[in-house]
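Thanks for coming. I will take a few minutes on one structure, and I will keep to one helix and the packing around it.

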Amino acid sequence: MKVTVNEKYLKGFIKESDLTPLHSLLETAHDKIMSMNGEGSDFLGWRDSIIKQDIEKYNRIKAAADKIKRNSDVLIVIGIGGSYLGARAIIELLKSPLYNSMKKNTPDIYFAGNSLSSDELNDILKICEGRDVAVNVISKSGTTTEPAVAFRIIRKMMEAKYSKAELIDRIFITTDKARGTLKKFADNEGYETFIVPDDIGGRFSVLIAVGLLPIAVSGIDIDKLIAGAASAREQYFKDGLKNTAYRYALLRTALYRKNKKIELLCSYRPSFRYMAEWWKQLFGESEGKQGNGIFPASVVFTTDLHSMGQYIQDGERTIFETVVMQKNSVNPISIPFDAENIDGLNFVSDMPLDNVNNFAFLGTIMAHTDGGVPNIVIEYDNCDEETVGELIYFFFLSCAASAYMLGVNPFDQPGVEAYKKNMFALMGKSGYEKLGEELKNKITEL
Ligand code: PA5
């Protein structure tokens with residue numbers, strides 16, 4: 001396996017005996033995942049979807065991606081939460097956070113409908129002027145406000161630019177097979193649709209059409225991505241209770257029980273920033289329930305050592321770090337020699353920058369562990385499609401196991417509804433009148 005867990009930096013924080021009482025919890029969690037008899041088990045579709053891809057549907061994703069690559073300069077991906085984070089994460093990690101600014105023969109990709117900001121949407125509309133555009137609307141429910149609002153606005157722009165017949169080649173809808181209005185709308189207009197199965201929730205959907213279509217448009221090899229996830233699945237199932245994903249789940253659960261309530265996912269590459277955003281949703285929405293759960297946060301080092309470093313080193317001791325380290329680089333760059341040595345850096349001249357980054361990692365991990373912050377290190381050699389597929393499955397499985405060990409349903413998100421109800425009530429949506437009155441009175445009394 002390419003992804004491994006290094007426990008060296010947990011010395012002094014966790015003993016094997018701390019893990020012993022957790023083994024029976026892990027066994028129960030494993031049984032719930034394997035026998036599909038736990039809370040929310042009707043949302044375990046992600047477990048096998050990678051080996052059960054319907055070949056006709058899978059080929060349609062590739063064909064749609066090819067069409068977009070041929071006919072468009074820009075792809076706008078409209079979706080929020082699990083309906084966009086995975087695609088953005090993988091594109092930034094495997095291509096670049098600067099993907100849109102780079103010379104390439106694939107379309108630029110912009111993400112819309114993940115906020116209610118008019119500034120951002122206006123910018124995207126401007127970027128589309130004079131360019132050929134395709135749109136992939138992704139919403140399992142088809143009724144989420146942010147993407148629905150963005151689609152209305154972007155649709156207007158598309159309708160002004162293209163004929164009805166042309167739009168059929170440019171608008172792609174990824175949604176539930178029946179629920180909501182999006183499927184009906186797409187069918188009426190003749191737009192191609194991709195179905196989000198009932199048994200896969202948003203945050204577990206990056207390896208189906210939700211993530212795969214935008215990822216394929218960026219030129220990433222989705223066959224290899226799926227192959228990486230499938231081989232991780234095979235190995236983890238074979239290793240059973242001893243698999244690496246469960247080991248990570250055990251370690252973080254043990255740390256939580258030692259009052260380490262905040263997990264900081266740390267990376268040393270800005271290209272990992274959106275993977276961390278995806279991971280935060282995965283773990284935060286799966287575990288944060290009934291007054292429980294590790295708070296998932298993230299930092300990019302060394303950038304954030306100059307902002308969050310002080311707190312991590314010296315603040316409240318409720319943090320542990322999970323560092324994701326890529327060992328090799330495909331684009332090494334060395335520090336040049338400078339005859340004048342104005343900055344005094346000639347002692348590192350000719351040294352690859354990745355070595356300097358690695359010294360930063362070692363220096364930081366020694367300092368943080370000395371400061372009372374336990375560190376789990378997740379390592380892999382190269383950042384390629386197979387490894388990223390494996391990493392995704394590693395986090396899926398460890399997340400499900402961690403949440404079951406915590407005693408919560410990993411696959412629901414009841415808490416997300418609270419703000420939506422209030423927002424609808426305040427905006428005067430029909431059916432929410434009583435709550436609207438209550439909220440307005442409450443705000444006046446504050
Ligand atoms: O993980 C989840 O279920 C959520 O983040 C959803 O993906 C998000 O709320 C968007 O929902 P929908 O795809 O129904 O628009």
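I will start with the helix and then move to the cores.

Keep in mind that this is a predicted model. The helix is α11, residues 222–239. It has 18 residues and reaches 26 Å from its first C-alpha to its last, close to the 26 Å expected at 1.5 Å a residue.

Now its two ends. At the start of α11, a side-chain oxygen of D221 comes to within 3.0 Å of the backbone nitrogen of D223. Just after the helix, G240 has a positive phi of about 55°.

Which residues of α11 are buried? They are I222, L225, I226, G228, A229, A230, A232, R233 and Y236. Note that an arginine, R233, is on that list. These buried residues pack against α3, α4, α5, α10, α12 and α16. The last of those, α16, covers residues 385–406.

That brings me to the largest nonpolar core, which has 93 residues. The residues with the most contacts inside this core are I90, W278, F394, F395 and F396. Helix α16 gives the largest share, 13 residues. Why does this core lie between domain 1 and domain 2? Because both domain 1, 3–37 plus 235–406, and domain 2, 47–220, give residues to it.

Take F394 as an example. Leaving out residues up to four places away in sequence, F394 touches V3, V5, Y236, T244, A245, Y248 and I378. Y236 is one of the buried residues of α11.

Apart from the largest core lies another, of 24 residues, including I78, F151, L167 and I173.

Definitions and conventions: Residues are numbered from 1 along each chain as its sequence is written. This is a predicted model: local features need pLDDT of at least 70, side-chain atom pairs count only at pLDDT 80 or more; totals for chains, interfaces and linings use all residues. Side-chain values use heavy atoms; hydrogens and water are left out. Helices (H or I, at least four residues) and strands (E, at least two) are DSSP runs, numbered from the N terminus. The expected span of a helix is 1.5 Å times one less than its number of residues. Buried means under 20% relative accessible area, exposed over 50%, partly exposed in between (1.4 Å probe, protein chains only). Contact means heavy atoms within 4.5 Å. A polar contact is a pair of N or O atoms within 3.5 Å; within protein, one must be able to donate a hydrogen and the other to accept it, and residues adjacent in sequence count only if both atoms are side-chain atoms. A nonpolar core is a set of buried Ala, Val, Leu, Ile, Met, Phe, Trp, Tyr and Cys residues joined through side-chain atoms within 4.5 Å. Domain bounds come from an automatic or database domain assignment.
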